[in-house]
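Reader: I'm new to this structure and would like a close look at one part of it. Could you walk me through helix by loop by hollow, in plain words?

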Amino acid sequence: MEWVLKEEDFEEYLASSEFIDTDNAKVAIIAQYCIERAMHAAEISDPKAFPEMEAEVARQCYLLVRDEIKHTRDYKLNDVVFKASDVLQKKTALCYGKANLLCALLRACNIPAGIGYQYLRLNDNDPESPLILHALNFVYLNAAGGWIRIDARGNREDLKSDMYLDHEELPFKVNPSIGECDVPFIYAATDIGVTAKIRMYNELDALWEDLPNKLAGKSILHKLK
């Protein structure tokens, strides 16, 4: 599939916004920590590390969000956490908040990043279950020749994901025969429709019964004054 930038101004994919608060001090500190981890991987000749430093920094950001931020549903928690800096503080979120945090960390490392979506069945064993939106990330890397998709929702026994430069390993592969699809757009910030739905709820139990299922096609690109 050919990916399409939702914004004409490429700088938007490096900008801070209300929920991707790249300029937050804690985000900046953890971004620097990811840079240091990348440098350490190079120093010890980690065989899993990418040889290009920019790509390795991106991988360290990805691993931190995938492995150190708990997926709220997987861990039977009930907080709804969405803003990048809040996700960092609470150390838990659904895919929407995890995508915001990974986007913020990458941008804090001066690596262009965006938000992407998939339409998935809520229950992949039931083709009649509701179609919902799943959030993931895009990252622009010179070593990969452009934009690639990565998904840091978190691994579990039946879901595996990783980051590669030449192919995708995502936790969910869409099944068009049951109405699932990849959304081709690269958003510079979370879609307004997704944001509005999530802001309606403080507890996951309630949100899970009314997960985002429609894109508005617009996003909040800058912090509200």
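Is Asn-110 buried or exposed, and why does it count that way?

Author: Keep in mind that this is a predicted model. Asn-110 has 57% relative accessibility, so it counts as exposed, since the cut-off for that word is over 50%. You'll find Asn-110 in the loop that joins helix H4 (95–108) to strand S4 (113–121). Its backbone is worth a look too: phi of Asn-110 is near 65°, a positive value in a residue that isn't glycine. For background, most residues other than glycine have a negative phi.

Now go to the other side of H4. Lys-91 sits in the loop between helix H3 (84–90) and strand S3 (92–93). Lys-91 also has a positive phi, near 60°, and again this is a residue other than glycine. Here the relative accessibility is 48%, so Lys-91 counts as partly exposed.

Next, H4 itself and a helix it meets. The axes of H4 and helix H1 (residues 25–43) come within 9 Å of each other and cross at roughly 70°. That angle falls in the 65 to 115 degree range, and therefore H1 and H4 are roughly perpendicular. As for its hand, the H1 and H4 crossing is right-handed.

On to the hollows. There are 2 cavities of 30 Å³ or more. The largest cavity has a volume of about 50 Å³. Its lining includes Thr-72, a run of names from Asp-79 through Val-80, Val-81 and Phe-82, then Ala-93, Leu-94, Tyr-96 and Gly-97, with Ile-198 and Leu-207 from further along the chain. By type, that lining splits into 8 nonpolar, 2 polar and 1 charged.

The second largest cavity has a volume of about 30 Å³. Here H4 comes back into the story: H4 and strand S5 (131–141) are the elements that give two or more residues to this lining. Among the lining residues are Cys-95, Lys-98 and Ala-99, along with Ala-135, Leu-136 and Asn-137. Asp-151, Ala-152 and Arg-153 line this second cavity as well. The lining of the second largest cavity divides into 5 nonpolar, 1 polar and 3 charged residues.

So if you want one thread to follow, take H4: H4 crosses H1 at roughly 70°, gives residues to the lining of the second largest cavity, and is followed by the loop that holds Asn-110.

Note on methods. Residues numbered from 1 in each chain as written. Predicted model: local features only at pLDDT ≥ 70, side-chain atom pairs only at ≥ 80, totals over all residues. Heavy atoms only, no water. Helix = DSSP H or I, 4+ residues; strand = E, 2+ residues; numbered from the N terminus. Buried < 20%, exposed > 50% of the residue type's maximum accessible area, 1.4 Å probe, protein only. 1 Å grid on protein atoms, 1.4 Å probe; cavity = no way out; pocket = protein on both sides within 12 Å on 5 of 7 lines; lining within 4 Å. Points joined across faces, edges and corners; volume = space filled by probe spheres on them. Nonpolar A, V, L, I, M, F, W, Y, C, P; charged D, E, K, R; others polar. Axes fitted to C-alpha atoms, helices over the stretch in contact; angles between N-to-C directions. Parallel < 35°, antiparallel > 145°, perpendicular 65-115°, else oblique. Left-handed = near helix turned anticlockwise from the far one by under 90°.
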